[in-house]
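The following questions and answers go through one model with care for how each term is defined. Please keep the sequence and the coordinates in view while reading.

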Amino acid sequence: QWYQRRVAITAGKESDIRRKLVDERMRFRDIRVIFNKANQSGTAFVEFYSEAEAARWVRHNRGMLKVNGEHLTMDLNKPLAAPKKDWVCEPCGEKNHYARESCYSCQSEKQEGTNTRK
């Protein structure tokens with residue numbers, strides 16, 4: 001899963017982070033920097049080929065990347081929560097929105113462990 005292979009870094013320039021990765025002989029796929037002009041802050045995302053490589057880089061730097069005298073916090077991206085799924089009413093077979101507690105068609109109560117669909 002791609003999000004588990006990314007490391008988030010507070011701010012920093014892409015060229016500086018790229019140089020640091022090359023100097024440390026780390027294999028990476030991509031670097032993206034998102035900068036918020038309103039509050040003059042940003043986050044860099046480094047995508048690796050595997051979760052293990054991403055974790056190794058964070059451990060190697062002890063969660064703190066030193067670039068041009070700045071100490072930038074780095075952390076593995078956390079997995080996203082699984083999306084909630086709609087459910088199928090057992091009595092009538094209609095598909096219902098995940099948040100509904102009763103069927104929109106026949107008003108039957110949602111059953112525990114009801115079949116779900118994306």
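Q: Where does Lys-84 lie, in terms of the strands on either side?
A: Strands here are DSSP runs (E, at least two residues) and helices are DSSP runs too (H or I, at least four), numbered from the N terminus. This is a predicted model, in which local features need pLDDT of at least 70, side-chain atom pairs count only at pLDDT 80 or more, and totals for chains, interfaces and linings use all residues. Residues are numbered from 1 along each chain as its sequence is written, and side-chain values use heavy atoms, with hydrogens and water left out. On that basis, Lys-84 lies in the loop between strand 5 (70-76) and strand 6 (86-88).

Q: Is Lys-84 buried or exposed?
A: Buried means under 20% relative accessible area, exposed over 50%, and partly exposed in between, with a 1.4 Å probe and protein chains only. Because its relative accessible area is 64%, Lys-84 is exposed.

Q: In what order do the five strands of the open sheet run?
A: Two strands pair if DSSP finds at least two bridges between them, and in this sheet the pairing is antiparallel. The five strands form the open sheet in the order 2-3-1-5-4.

Q: Which are the edge strands, each pairing on one side only?
A: An edge strand of this sheet pairs on one side only. That description fits strand 2 (30-36) and strand 4 (64-67).

Q: Which residue in strand 3 is the bridge partner of Arg-32?
A: Strand 2 and strand 3 (residues 41-47) pair in the antiparallel sense over seven bridges, and they form a hairpin with four residues between them. Within this pairing, Val-33 stands opposite Ala-44, while the bridge partner of Arg-32 is Phe-45.

Q: What volume does the largest cavity have?
A: A cavity is a set of points on a 1 Å grid over the protein atoms alone where a 1.4 Å probe fits but cannot get out, and lining residues have an atom within 4 Å of a point. Grid points are joined across faces, edges and corners, and a volume is the space filled by probe spheres set on the points. The structure holds one cavity of 30 Å³ or more, and the volume of the largest cavity is about 40 Å³.

Q: Which strand gives the most to the lining of the largest cavity?
A: The lining consists of Arg-6, Asp-30, Ile-31, Arg-32, Phe-45 and Glu-47. Strand 2 and strand 3 each supply at least two of its residues. With three residues, the strand that gives the most is strand 2.

Technical notes:
On a 1 Å grid over the protein atoms alone, a cavity is a set of points where a 1.4 Å probe fits but cannot get out, and a pocket is an open set with protein on both sides within 12 Å along at least five of seven lines; lining residues have an atom within 4 Å of a point.
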